[in-house]
Amino acid sequence: MTGVDAAADVAADVAVDVAVDVAVDVAVDEVADEVDVPVVVVGAGPTGLTAATLLARHGVECLVLERWESAYPRPRAVHLDDEVHRVLARLGLGEEFAAISWPCRGLRLVDRDRRVLVEFRRAADAGRHGYPEASMFDQPELERLLRANLARHAGVELRGRAEVTAIAQDGDGPVRVEFTDRATGRSHTVRARYALGCDGANSLTRAAIGAVARDLGFTQRWLVVDVATAAPLDAWEGVHQVCDRDRPATFMRVGRTRYRWEFRLAPGESAEDFGTMAELRPLISPWTGGVPLEDSALVRVAEYTFRAQVADRWRDRGVFLLGDAAHLTPPFTGQGLGAGLRDAANLCWKLAGVLDATLPESALDTYQSERAPHVCVMIALARLLGAAMTEGGRVGDLLRGAVVPRLRLLPGLRDRVLSSETPALRRSELVRRPPLRGGLAGGLCPNAVLGDGRRFDDVAAGRFAVVTSRADPPELRAAVRRRGAVLVVTRPGEELHSWLRRGRARAALVRPDGAVLRAGRDPVALCAALPCRAPAL
């Protein structure tokens, strides 16, 4: 592929974005000056599109308002893990995402001369969630999939060129969202029971509810470079983290012909200093070698300020914050986009349950109490890796040279570094576990293969499920059916049977988002915690 060919591919991407947007955009020519909907979603990035699709699958009508006409055509996020791939599969996009993604082979920490300090290899087969443990992708391609998939659902409307200008609430009444049609200049108002602010780091929604983004003490300016080339690069197909206090960097392959570099900028440097392949060559040549400049196309070069921030509150009555509006994660663990999709997966089934009166309004109080501690742990891990790459001066260099190469010798460290298993949710109204011991509650039920060859998520299908290793007594089946849930009986030798035994339980009540609400010895008793009628897809 020549540079011209690659540039043409990028232009084609933009054209497809516009075509998809036209297909997904407003279902009617005009929106009335005032309309009522159950839920308004502000922002049509991956988090907003995921939230809208989950709501639609639960039968909740919603309106998505997006300032831009089409998806942003340039790459941003490039990584997600198998837990987030599982969320995409619940949207119906498991196979489609697999077709556009590239499995990551693990992690290398290298020194400034690219000498390997330590390597953690990752198998390419599926992990505990049924998908590769790490996948690289092009965000515009993912957004095209999300938009096209959203168009398949009735009861949801995506309106582009709709700039939200104000969000207000009157007591406990409906949320009023005002927006301007950027094509006509007309102003409109939407009244909704709930509004979801998925509008990014500079969130108007966050400002509207008076929330403050608390800084967690990490701010660095980095250069992000995306290059397309068909020329073979002599590079291991995993993530390379360059541990260098002067020029820390990250390199990874994100597709068949796509590569991503990230370099910390020195004081006085900016993206304008690296606007051409010739200007970038001194930085990327350790990986590109003798590949001629004309065989590569610069897809994007941009400056980002990596931050660690968490909003002090994620909800004000009927308004919620999701994704970057609620938290910002340094990119060193690749969890930024995934955190937003986890927000949507955690919140949307609860909203559906409250709207159809199967859950109490208090269930929504568990959103921040469950998600914020989880996010803070993931941010702490990202800050730790960032510090290991960049901090400490000459002493840090010596420690990295002496200690890092021996990390692989520590028992269990390889599994911990490569594991995509994220921390269990803390106790809440919807996570019931004893205060002084762990167990299964709060963790995710594995998306295991069942006796009939299907996976757990295929059977649960977004509903509550009771997983049990006990025999199938008639009163249990009747109780589960009466509550609109799913019964999964697992037998010795099956993965879920072993999972229950490790958790010292004979049954587990699994929520629609895959988290365990409660575990115990008596599956019939667990049914008492089920809603009277679970939201069905």
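Helix H2 is largely enclosed by the rest of the structure in this predicted model, because 11 of its 12 residues are buried. The buried residues of H2 are Pro46, Thr47, Gly48, Leu49, Thr50, Ala51, Ala52, Thr53, Leu54, Leu55 and Ala56. The helix comprises residues 46-57, and at 1.5 Å a residue it should span 16 Å. The C-alpha atoms at its ends are 16 Å apart, in agreement with that expectation. Just after H2, Gly59 adopts a positive phi of about 80 degrees.

One residue of H2, Thr53, is in contact with Asn149, a residue of helix H5 (residues 139-150). Apart from neighbours within four places in sequence, Asn149 is in contact with Thr53, Leu91 and Leu93. Asn149 has a relative accessible area of 3% and is therefore buried, the limit for this class being under 20%. The side chain of Asn149 also makes a polar contact of 2.7 Å with the side chain of Arg152.

Two open sheets are described next. Strands of a sheet pair through backbone hydrogen bonds, in either a parallel or an antiparallel sense. One open sheet has 3 strands in the order S3-S7-S4, and its pairing is antiparallel. Strand S3 (79-81) and strand S4 (102-103) stand at the edges with a single partner strand each, so one side of each is left without a neighbour in the sheet. Between S3 and strand S7 (residues 134-136), the antiparallel pairing extends over 3 bridges. Asp81 has Ala134 in S7 as its bridge partner. Helix H3 (residues 82-90) lies across S3 and S7 and runs at about 85 degrees to S3.

Another open sheet is formed by 8 strands, with mixed pairing and the order S6-S5-S13-S14-S15-S12-S16-S19. Its edge strands, strand S6 (116-121) and strand S19 (327-328), each pair on one side only. Within the sheet, strand S12 (residues 213-229) and strand S15 (residues 258-264) are antiparallel and are paired over 7 bridges. Trp222 stands opposite Arg264 in S15. Helix H7 (residues 277-288) lies across S12, strand S13 (239-242), strand S14 (249-253), S15 and strand S16 (296-311). The direction of H7 is at about 105 degrees to that of S15.

The edge strand S19 contains His327. Although S19 pairs on one side only, His327 is buried, with a relative accessible area of 2%. When neighbours within four places in sequence are left aside, His327 is in contact with Gln309, Val310, Trp314, Ala339, Gly340, Asp343 and Val375. With Asp343, the contact includes a polar contact of 2.6 Å between the two side chains. Trp314 is 13 residues from His327 in sequence, and their C-alpha atoms are 9.4 Å apart in space.

A further antiparallel pair consists of S22 and strand S23 (residues 516-520), which are joined by 4 bridges. In this pair, Val510 stands opposite Val516 in S23. The two strands form a hairpin with 5 residues between them, and Gly514 in the turn has a positive phi of about 90 degrees.

Positive phi values also occur at residues other than glycine. Most residues other than glycine have a negative phi. Arg317 nevertheless has a positive phi of about 55 degrees, and this residue is found in the loop between strand S17 (315-316) and strand S18 (319-321). A positive phi of about 55 degrees is likewise found for Arg504, which lies in the loop between helix H14 (495-502) and strand S22 (507-510). The relative accessibility of Arg317 is 35%, so this residue counts as partly exposed. Arg504, at 56% relative accessibility, counts as exposed.

Finally, the cysteines were examined. A disulfide is a covalent bond between the sulfur atoms of two cysteines. With a limit of 2.5 Å between the sulfur atoms, the count comes to 0 disulfides. For Cys62, the nearest cysteine sulfur is that of Cys348, 8.4 Å away, and Cys62 is in no disulfide. Cys62 is buried, with a relative accessible area of 3%, whereas Cys376 is partly exposed, with a relative accessible area of 31%.

Notes: Residues numbered from 1 in each chain as written. Predicted model: local features only at pLDDT ≥ 70, side-chain atom pairs only at ≥ 80, totals over all residues. Heavy atoms only, no water. Expected span 1.5 Å × (residues − 1). Buried < 20%, exposed > 50% of the residue type's maximum accessible area, 1.4 Å probe, protein only. Pairing = 2+ DSSP bridges. Contact = heavy atoms within 4.5 Å. Axes fitted to C-alpha atoms, helices over the stretch in contact; angles between N-to-C directions. Polar contact = N/O pair within 3.5 Å; in protein donor to acceptor, adjacent residues only side chain to side chain.
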